[in-house]
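Have the sequence and the 3D view open side by side for this one. We'll go from the whole chain down to single side chains.

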Amino acid sequence: MVVHLADRPASILRRGYPLIQALNVAGAVVGVAWYWPQLVHTRILLLPFVPDCPLAAALVAVALLAWRKGRGEALQGFAIGVALFYGAWTIALLWRTGTGGNLADEAMLWAHVGMVLEALLLWHAARPHRG
């Protein structure tokens, strides 16, 4: 079977779907736990704006599910933009301030690198190819 370069992101997402979804859910759960001390002191109307990266991970999980079903192009586009923004923003922030060299900071850095890579894969897999 010949796989064209344009089909590789979709192939990666299809093959890695269970693992990718598990990582998205884990990222959302761990992220909410990370923000929990702040969330308990946040007004209810502002709650959706505090855990930005965990919400981005959850949104990408929903967008991947929609992508697999051939639906939700607008949702996919929004999820891609949010994941790219928050993933890159967190990477830049950690790069600028330093990770501290501990395991939690290193895991956070690599999780956000994964978020950016996943968004790029989804962006390429979701857009229509002319040929």
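Here is a walk through the fold, two of its helices and a few residues worth clicking on.

## Ground rules

This is a predicted model, in which local features need pLDDT of at least 70, side-chain atom pairs count only at pLDDT 80 or more, and totals for chains, interfaces and linings use all residues. Residues are numbered from 1 along each chain as its sequence is written, and side-chain values use heavy atoms, with hydrogens and water left out.

## The overall picture

The protein chain has five helices and zero strands, so helices and strands need a definition: they are DSSP runs (H or I, at least four residues, for helices; E, at least two, for strands), numbered from the N terminus. Reading from the N terminus, the order is simply α-α-α-α-α. The C-alpha atoms fill a box of roughly 50 × 35 × 25 Å along the principal axes.

Of the 131 residues, 37% count as buried. Buried here means under 20% relative accessible area, exposed means over 50%, and partly exposed is in between (1.4 Å probe, protein chains only). A contact means heavy atoms within 4.5 Å. Take the contacts with a separation of 6 or more: residues 24 or more positions apart account for 62% of them.

## Helix α3

By the rule that the expected span is 1.5 Å times one less than the number of residues, the 17 residues of α3 should span 24 Å, and the end C-alpha atoms are indeed 24 Å apart. This helix is mostly covered, with 12 of its 17 residues buried. Among them are D52, C53, P54, W67 and several alanines, including A56 and A57. The cover over those buried residues includes α1, α2, α4 and α5. After the helix comes G70, with a positive phi near 75°.

## Helix α5 and its two buried acids

Helix α5 runs over residues 103-126. Its 24 residues should span 34 Å, and that agrees with the 34 Å between its end C-alpha atoms. N102 caps the N-terminal end: a side-chain oxygen lies 3.2 Å from the backbone nitrogen of A104. The buried residues of α5 include M108, L109, H112, M115 and H124, and what covers the buried set includes α1 (8-15), α2 (17-39), α3 (52-68) and α4 (73-97).

Which side chain of opposite charge is nearest to the buried E118? R68, at 12 Å, and E118 has no salt bridge. A salt bridge would need a side-chain nitrogen of Lys or Arg within 4 Å of a carboxyl oxygen of Asp or Glu; Lys and Arg count as positive, Asp and Glu as negative, and His and the chain ends are not counted. The side chain of E118 does make a polar contact with the side chain of N24, at 2.7 Å. A polar contact is a pair of N or O atoms within 3.5 Å; within protein, one must be able to donate a hydrogen and the other to accept it, and residues adjacent in sequence count only if both atoms are side-chain atoms. Leaving aside neighbours within four places in sequence, E118 is in contact with I20, N24, V60 and L64.

D105 sits in α5 too. It is buried without a salt bridge, and the nearest side chain of opposite charge, R96, is 15 Å away. Not counting residues up to four places away in sequence, D105 touches L94, T99 and G100.

## P9 and T42

P9 belongs to helix α1 and is buried, with a relative accessible area of 11%. P9 and H124 are 115 residues apart in sequence, yet 6.4 Å apart in space, C-alpha to C-alpha. Beyond residues up to four places away in sequence, P9 touches L121, H124 and A125.

T42 is in the loop between α2 and α3. At 19% relative accessible area, T42 counts as buried. Its side chain reaches the backbone oxygen of Q38 at 2.7 Å, and T42 touches L47 and V50, not counting residues up to four places away in sequence.

## An aromatic pair

The structure holds one aromatic pair. The ring centres of F85 and Y86 are 4.9 Å apart and the planes are at 80°, so the pair is edge-to-face. For reference, rings of Phe, Tyr and Trp (its six-membered ring) pair if their centres lie within 6.5 Å; planes under 30 degrees apart count as stacked, over 60 as edge-to-face and the rest as tilted. Y86 is partly exposed, with a relative accessible area of 23%.
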